[in-house]
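Visitor: I would like to go through this model with you one question at a time, with the reasoning spelled out before each answer.

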Amino acid sequence: MLLNVGTFIRSATRFSPFIITHSSPSSPSSFCFSFSPKQTVSFTLQSSQMASFTTLSQSPPKLLFRQLFEKESSTYTYLLADCSHPDKPALLIDPVDRTVDRDLNLVKELGLKLIYAMNTHVHADHVTGTGLIKGKVPGVKSVISKASGSKADVFVEAGDKISFGDLFLEVRATPGHTMGCVTYVTGDGPDQPQPRMAFTGDALLIRGCGRTDFQGGSSQQLYKSVHSQIFTLPKETLLYPAHDYKGFSVTTVGEEMLYNPRLTKDEETFKNIMENLNLAYPKMIDVAVPANMVCGLQDLEPKAD
């Protein structure tokens, strides 16, 4: 009997299938379900037989993960937390000013302690929510790359690690869409989420990439960034972009290496594609960029009575 089987990661209470394997019709169908980080359940199934389960190892999941959406700018905000740590420390990646209250309400409902509000780059299509968050939640630190030239509490560079509880994100410099773009990647190790996850901002989108015609962008630099910093991750690495306009929510390194219509081309072809997109001037850029250069509303002082 030929059956399909999926490999799943568990993030809080959510299960997501990612890898499909096939068994031989002439032999028992062997399955292995892997739960992040350390729980494995295996069983063997033959035609007309019941399944037998064996728990090899078990531990509670560490990573709580939520993908949130802001519809006006089609922006994804990501909430990550170490839910096995006593303090349940959490961070938000690419929050939007319009949805700060929604995000903070979720943090409260889940009993998390927000410690970082982070940006992948200086956005041109929306105002970041980091300034509002800092005003509403004392102690939260804003994070952005040093190369962005923006203001924040914490500046990061390639190779830095951002810890929250026993989990961490690795910083990878991925300029090209803007000078200061970074990709945040979950840690590598047995006590870190598997498969790994990368939050690519606008550097790499699902079957696309960010434009390179403003904010110090460079198609040549973007091509090299993606191929050297993202496509070198394991092929099963889950990629979460800052935007999607077609209803997709996640992809993988392996998928984009095969199917990305721009970044599967050679560098010269990619450069020609990017130079001939003929995109409209971003409608929010004149508002968003100046605000985001000071991390949203971070530097606004209350007016004296």
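Visitor: Is Glu255 buried, partly exposed or exposed?
Guide: This is a predicted model, and the values given here are computed from it. Buried means under 20% relative accessible area and exposed means over 50%. Because Glu255 has a relative accessible area of 29%, it falls between those limits and counts as partly exposed.

Visitor: With which residue does Glu255 form a salt bridge?
Guide: Glu255 belongs to helix H4, residues 253–259, and its partner sits in the loop between E15 and H3, 48 residues apart from it, so that the pair links distant parts of the chain. The closest N and O atoms of the two side chains are 2.9 Å apart. The partner, at 29% relative accessibility, counts as partly exposed. The salt bridge of Glu255 is therefore made with a residue whose name the model gives as Arg207.

Visitor: What is the phi of Arg207?
Guide: Most residues other than glycine have a negative phi. Arg207, found in the loop between E15 and H3, is a residue other than glycine with a positive value. Gln215, placed in the loop between E15 and H3, also has a positive phi, of about 55°, although it is not a glycine. For Arg207 the phi is near 60°.

Visitor: Which residues are joined into one network by salt bridges that share partners?
Guide: The structure holds 10 salt bridges, and one of them joins Glu170 to Arg196, with the closest N and O atoms 3.1 Å apart. Glu170 lies in strand E13 and Arg196 in the loop between E14 and E15, so this pair ties together parts that are 26 residues apart in sequence. Arg196, at 8% relative accessibility, counts as buried. The network joined through shared partners consists of Glu170, Arg172, Asp188 and Arg196.

Visitor: Which residue meets Lys134 in a salt bridge?
Guide: Lys134 is in helix H2, residues 130–136, and the other member of the pair is in the loop between strand E10 and E11, 19 residues apart from it. Lys134 counts as partly exposed at 23% relative accessibility, and its partner counts as partly exposed at 38%. The side chains come to 2.7 Å, N to O, and the partner is Asp153.

Visitor: Which strands stand at the edges of the sheet that contains E8 and E9?
Guide: This open sheet has 6 strands in the order E6-E7-E8-E9-E10-E11, with mixed pairing. An edge strand here has a single partner strand, so one side of it is left without a neighbour in the sheet. The strands in that position are E6 (63–70) and E11 (154–156).

Visitor: In which sense do strands E8 and E9 pair, parallel or antiparallel?
Guide: Strand E8 covers residues 89–93 and strand E9 covers residues 113–118, and they are joined over 5 bridges. In one of these pairings, Pro89 has Lys113 in E9 as its bridge partner. Helix H1, residues 100–109, packs on the sheet and touches E6, E7, E8 and E9, its direction making about 160° with that of E6. The sense of the pairing between E8 and E9 is parallel.

Visitor: Which residue in E14 stands opposite Ala173?
Guide: A further open sheet of 6 strands runs in the order E12-E13-E14-E15-E16-E17, again with mixed pairing. Within it, strand E13 (residues 167–173) and strand E14 (residues 182–186) pair in the antiparallel sense over 5 bridges. Helix H3, residues 219–230, lies across E13, E14, E15 and E16, running at about 145° to E13. The residue of E14 opposite Ala173 is Val182.

Visitor: How many residues are in the largest nonpolar core?
Guide: The members that touch the most other members are Leu80, Ile93, Met118, Ile162, Leu169, Tyr184 and Phe199. Leaving aside residues up to four places away in sequence, Ile93 touches residues including Tyr76, Leu80, Leu169 and Phe199. A second, separate core of 16 residues includes Ile230, Phe231, Leu263 and Met274. The number of residues in the largest core is 22.

Visitor: Which residue does a cis peptide bond join to Gln194?
Guide: Most peptide bonds are trans. The bond following Gln194 has an omega of about -5°, and the residue joined to it is found in the loop between E14 and E15. That residue is Pro195.

Definitions and conventions: Residues numbered from 1 in each chain as written. Predicted model: local features only at pLDDT ≥ 70, side-chain atom pairs only at ≥ 80, totals over all residues. Heavy atoms only, no water. Pairing = 2+ DSSP bridges. Helix = DSSP H or I, 4+ residues; strand = E, 2+ residues; numbered from the N terminus. Contact = heavy atoms within 4.5 Å. Axes fitted to C-alpha atoms, helices over the stretch in contact; angles between N-to-C directions. Salt bridge = Lys/Arg side-chain N within 4 Å of Asp/Glu carboxyl O. Buried < 20%, exposed > 50% of the residue type's maximum accessible area, 1.4 Å probe, protein only. Core = buried A, V, L, I, M, F, W, Y, C linked by side-chain atoms within 4.5 Å.
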